[in-house]
Amino acid sequence: SSVAATRALEAHAAYCASKAALDALTRQFALEGAAFGMRANSVNPTVTLTEMARREWSDPAKAAGMLDRIPLGKFAEVDDVVDLVLFLLSDRAAMISGQSIHLDGGFTAAPFNLAGSTTTR
């Protein structure tokens with residue numbers, strides 16, 4: 001999914017709504033799958049630097065607008081997402097189900113107006 005499931009992003013109404021729907025389906029699948037020993041979780045990253053995202057976010061001015069809202073000051077790498085998924089698939093996550101886990105460098109924890117605030121990294 002995406003952090004857009006819980007944050008409104010300008011000019012992204014359909015995208016945000018579809019991501020919120022995926023979070024709802026995650027909870028529903030967790031509820032219905034439990035009787036069969038199944039777990040369901042979603043990973044909701046910020047911008048993840050896939051090949052396409054590297055192209056789309058390569059303009060420093062464009063990237064700065066988003067990076068300024070991420071307290072850790074960086075986008076997610078593909079390996080960050082892979083590592084979380086591998087953990088969720090492991091027995092170490094046996095009691096985690098129905099969760100939408102933000103992988104966002106603190107984006108959803110920070111005030112939305114972090115850019116220009118006195119908060120430091």
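**Trp57**

I began with Trp57 in this predicted model, and I found it in the loop that joins H2 to helix H3, the latter covering residues 60-67. Is Trp57 buried, partly exposed or exposed? Its relative accessible area came out at 24%, and because buried means under 20% and exposed means over 50%, I noted Trp57 as partly exposed.

I then listed what Trp57 touches, leaving out residues up to four places away in sequence, and wrote down Val47, Lys62, Ala63, Met66 and Phe75. Lys62 deserved a second look, since its charged end sits over the ring of Trp57, at 4.8 Å from the ring centre. I also looked up Tyr15, which is 42 residues from Trp57 along the chain, and found 18 Å between the two C-alpha atoms. When I searched the whole structure for aromatic pairs, one turned up.

**Val47**

Since Val47 was on the list for Trp57, I went there next and placed Val47 in the loop between E1 and helix H2, where H2 is residues 51-56. With a relative accessible area of 13%, Val47 is buried, because the limit for that word is under 20%.

Which residues does Val47 touch, if those up to four places away in sequence are not counted? I wrote down Ala53, Trp57, Met66, Phe75 and Ala76. Comparing this with my earlier entry, I see that Met66 and Phe75 appear in the lists of both Val47 and Trp57. For Asp68, which is 21 residues from Val47 along the chain, I noted a C-alpha separation of 13 Å.

**Helix H4**

I turned to helix H4, residues 78-89, and checked its length: at 1.5 Å a residue its 12 residues should span 16 Å, and the end C-alpha atoms are 17 Å apart, which agrees.

Where do the buried residues of H4 point? I found Val81, Leu84 and Leu88 buried in H4, and they cover an arc of only 65° around the axis, so they lie on the same side of the helix. This fits a general point, that an α-helix has 3.6 residues a turn, so residues three or four places apart point the same way.

The buried residues of H4 pack against strand E1, which is 42-45, and against E2. On the face turned away from that buried side I noted the exposed residues Asp79, Asp83, Leu86 and Leu89, and I marked for myself that two leucines are among them.

**Asp104**

From E2, residues 100-103, I followed the chain into the segment after the strand and stopped at Asp104. Is this aspartate buried or exposed? Asp104 has 7% relative accessibility, and so it counts as buried.

I looked for a polar partner and found that a polar atom of the Asp104 side chain lies 3.0 Å from the backbone nitrogen of Gly106. Beyond its neighbours within four places in sequence, Asp104 is in contact with Val3, Thr46 and Ile70.

**The whole protein**

Last, I stepped back and counted four helices and two strands, which run α-β-α-α-α-β from the N terminus on. Along its principal axes the C-alpha trace spans about 50 × 30 × 30 Å, and of the 121 residues 29% are buried. I closed with the contacts between residues at least 6 apart in sequence, of which 67% join residues at least 24 apart.

Note on methods: Residues are numbered from 1 along each chain as its sequence is written. This is a predicted model: local features need pLDDT of at least 70, side-chain atom pairs count only at pLDDT 80 or more; totals for chains, interfaces and linings use all residues. Side-chain values use heavy atoms; hydrogens and water are left out. Rings of Phe, Tyr and Trp (its six-membered ring) pair if their centres lie within 6.5 Å; planes under 30 degrees apart count as stacked, over 60 as edge-to-face and the rest as tilted. A charge sits over a ring if NZ of Lys or CZ of Arg is within 6 Å of the ring centre and within 35 degrees of the ring normal. Buried means under 20% relative accessible area, exposed over 50%, partly exposed in between (1.4 Å probe, protein chains only). A polar contact is a pair of N or O atoms within 3.5 Å; within protein, one must be able to donate a hydrogen and the other to accept it, and residues adjacent in sequence count only if both atoms are side-chain atoms. Contact means heavy atoms within 4.5 Å. The expected span of a helix is 1.5 Å times one less than its number of residues. The arc is that of the directions from the helix axis to the C-beta atoms.
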